[in-house]
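Dear colleague,

Here is the structure I promised to pass on to you. Please open it beside this email, and then read on for what was found in it.

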Amino acid sequence: MRRDKELRLALVCYGGISLAVYMHGITKEIWRLARASRAYNAEDRADNRPPLVSTEAVFVELFEEIAEQTDLRFRVLPDIIAGASAGGINGIFLAQAIATGQSLEPLTKLWLDTADVEALIDPDAAPSHRFSKAWALPIAWMAQRRGAASVDELVGQDAREEVARKLSHFVRSRWFEPPFGGAQFLNLILDAFDAMAETPSDGRLLPGGQPLDLFVTVTDFRGHPERLELNSPAEVIETEHRLVIPFSDHGGGTFADTAELTFAARATSSFPGAFPPFSVGELDGVLADRETAWPTRDDFLRRILPRQHAANAAEAAVLIDGSVLANAPFRPAIEALRERPARREIDRRFVYIDPSPGMGFQTGATAHEHPGFFQTIIGAISELPRQQPIRDNLEALQGRSARIERMRGITRAMRPEVEAEIESLFGFTLFLDSPTAARLAGWRSKAQNAAAAKAGYGYAGYGHLKIAGVIDLIATLLCAVGGETGADRLARIRAAVTTAVDRMAGDMTFTGKASPSAILFLRSFDLGFRIRRLRLVARRLTELEDEIAETDLAAARTAVYDALATYLEAKRTDTHADLKRDVRALRGDATDLLHKLARSLDLKRIDDETDANLAAAFAGMPREVKRPLLYAYLGFPFFDVASLPLLQGEGLDEFDPIKVDRIAPEDAKAIRAGGAAATLKGIQFNSFGAFFSRAYRENDYLWGRLHGVERLIDIIVSALPPRARMKPGRVAAIKRRAFHTILDEEEPRLAAVPGLIAALRKEVG
């Protein structure tokens, strides 16, 4: 019997200017992978599934081979996307394709045909005749000469002449104002969305109930005020320039109006000096010219620019490139894990797409040269801020994962002692082999009291830490339900909740055991405890896979993950949407709001249903499965008392630990080593290179697809269980088939790089 495993991808897409074309090739393969996964897992996949196209057939072949060798049925879900600048644009279109089932093919045409300086230059900026700024011609010639040394011979002399001509045109455009036109770019984006909408849609690519979240970073040039609480003075106002535009389809609803997505795409890619800053009025003008309505305009502006909207100044907001301050937007993607459902075993990956890693690092003679005046200024205001943030994010993720792995080790070491405690509490009674809903509830209470007694004085610290954690969860949930933004609003909601809890529950104590008021409060609101308990049982299930047949584990797996999904659903913002107005009206006493939230959570009902469902599942299990899972379920209070103070609440999100993978030219070596320098043209002219030649764009797009499919196959194979192995040579063979599939498909379209296609066929073999 095969078991399901989900490989969930949170994509973080970097900025890269003209390397957006390369990233489009990668995101196109992610789209193909999502389509293949949906087709492979469809119940009617043999009869009514959409036909497999391109590399989709290769991915399905990989899934089928994995299933034959490991009894795992893979499901790959790209459900979180965060992007900045060029990565933001590609992330937006990928999210639209996943949410609607539309095709990404029209976007390929956009990048190849229109991502060109001739199409992007503002008509008012173009030189009026060939002698305009003739003094700048040597600069164009020098820039072209400087980049030509690294141009691959496969591109040919014609492409070099094209680059020289367009670079001359570009340099002779108006100076001290951005050469590219914002309105031109908006029209190109809207044209691409219109073209996607005209393609046949065969449905959403994620299963129902699985949210698709998109985050796009933008820089608020003028900034907006944020309150900070200090000791002295009590409050200060600072200006915040970082802005994240979030979108979600909430598991299957409407994703976003295309005007909103266009707003985000234009704003995040307003590269300083190349494009003019973006404003709402620019989009209003273009939509008016196209006679296109934007019915959600006011709600959208209120949501993403709340301070400006409240001051009737949203139209005055000036937005520039998102990569200026947040080129690697990991944080919003991490925060999105809070509301992920879990219905089966899951492997969560953060996959970041970096088109040119380490390109700023210099060796040799240039490493000893001091930067010049302009080089220093450009590096300080553009390149350095865009490169720096990634290390901090990765170290935070790695540190979190390391702490969780350490706690898992402690949990495994504690298991014999905890199981001995459970045996001493319940003995080898036959009742333990015949659980009912009532017995499970009674056993849980007895085990909780025993854990409190054994913990001694340490139980008081544990109990108050739980109370603080529950208050944080309530405040965070209410803040999200109300659509509130800003740390100051979260702090005010937390303060109101804390005051209301003190008033409602009185003096909650944990000496010896929890006081009645503490028990009532935790039974009403402590979602975290319930989720942690089921995650422990799910991990125990995974550990039993090496010892027990899947047929004996299937019922337990279904019951545990169904229960977990129910509690996680209660944690989602959408579940409590009816409280939105109450949250926004909250100014002082939160007592009534907490009573409403308790009714909305309805944890007593969920607890009763969980006990009944687990008891029914346990009743039919073999004893060698039932006993270990019951020991984990009933023994959880012992584990939690020991681990929660050390973890400080970490590990309560979707999946732990989180693994991080990168897709970059340096990581894909199956065809050609050497990284970006050996494969990409867009890295030239300070990453503007692909805007000057269709041949360059075709080159980068093709390598994006090839690198993307290679790394995705690597990531899928890395998610296999430790003891599972593909047959020798099979991974390489599957990659070769994928490479040839892409080359066969793209050869008729990529007429500007015939030499590259022929060379790659030889290299692939």
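In helix 9 of this predicted model, the buried residues are Ala259, Glu260, Leu261, Thr262, Phe263, Ala264, Ala265, Arg266, Ala267 and Thr268. Since the helix spans residues 258–268, this means that 10 of its 11 residues are buried, and helix 9 is therefore largely enclosed by the rest of the structure. At its N-terminal end, helix 9 is capped by Asp257, which places a side-chain oxygen 2.7 Å from the backbone nitrogen of Ala259.

Further along the chain, please look at helix 28 (residues 694–718) and helix 29 (residues 730–746), whose axes come within 10 Å and cross at roughly 155°. Because an angle over 145 degrees counts as roughly antiparallel, that is how helix 28 and helix 29 are described relative to each other. The crossing in which helix 28 passes helix 29 is right-handed. Residues that make the contact include Leu702, Leu706, Val709 and Ile713 on helix 28, together with Ile734, Ala738, Phe739 and Ile742 on helix 29. Sorted by class, this contact holds 12 nonpolar and 6 charged residues, with no polar ones.

Finally, there is a proline to find: Pro622 sits in the loop that lies between helix 24 (603–619) and helix 25 (623–647). Is Pro622 buried or partly exposed? Its relative accessible area is 22%, and as buried means under 20%, Pro622 counts as partly exposed. Although Pro622 and Asp552 are 70 residues apart along the chain, their C-alpha atoms are separated by 6.9 Å.

With best wishes

Key: Residues numbered from 1 in each chain as written. Predicted model: local features only at pLDDT ≥ 70, side-chain atom pairs only at ≥ 80, totals over all residues. Heavy atoms only, no water. Axes fitted to C-alpha atoms, helices over the stretch in contact; angles between N-to-C directions. Helix = DSSP H or I, 4+ residues; strand = E, 2+ residues; numbered from the N terminus. Parallel < 35°, antiparallel > 145°, perpendicular 65-115°, else oblique. Left-handed = near helix turned anticlockwise from the far one by under 90°. Contact = heavy atoms within 4.5 Å. Nonpolar A, V, L, I, M, F, W, Y, C, P; charged D, E, K, R; others polar. Buried < 20%, exposed > 50% of the residue type's maximum accessible area, 1.4 Å probe, protein only. Polar contact = N/O pair within 3.5 Å; in protein donor to acceptor, adjacent residues only side chain to side chain.
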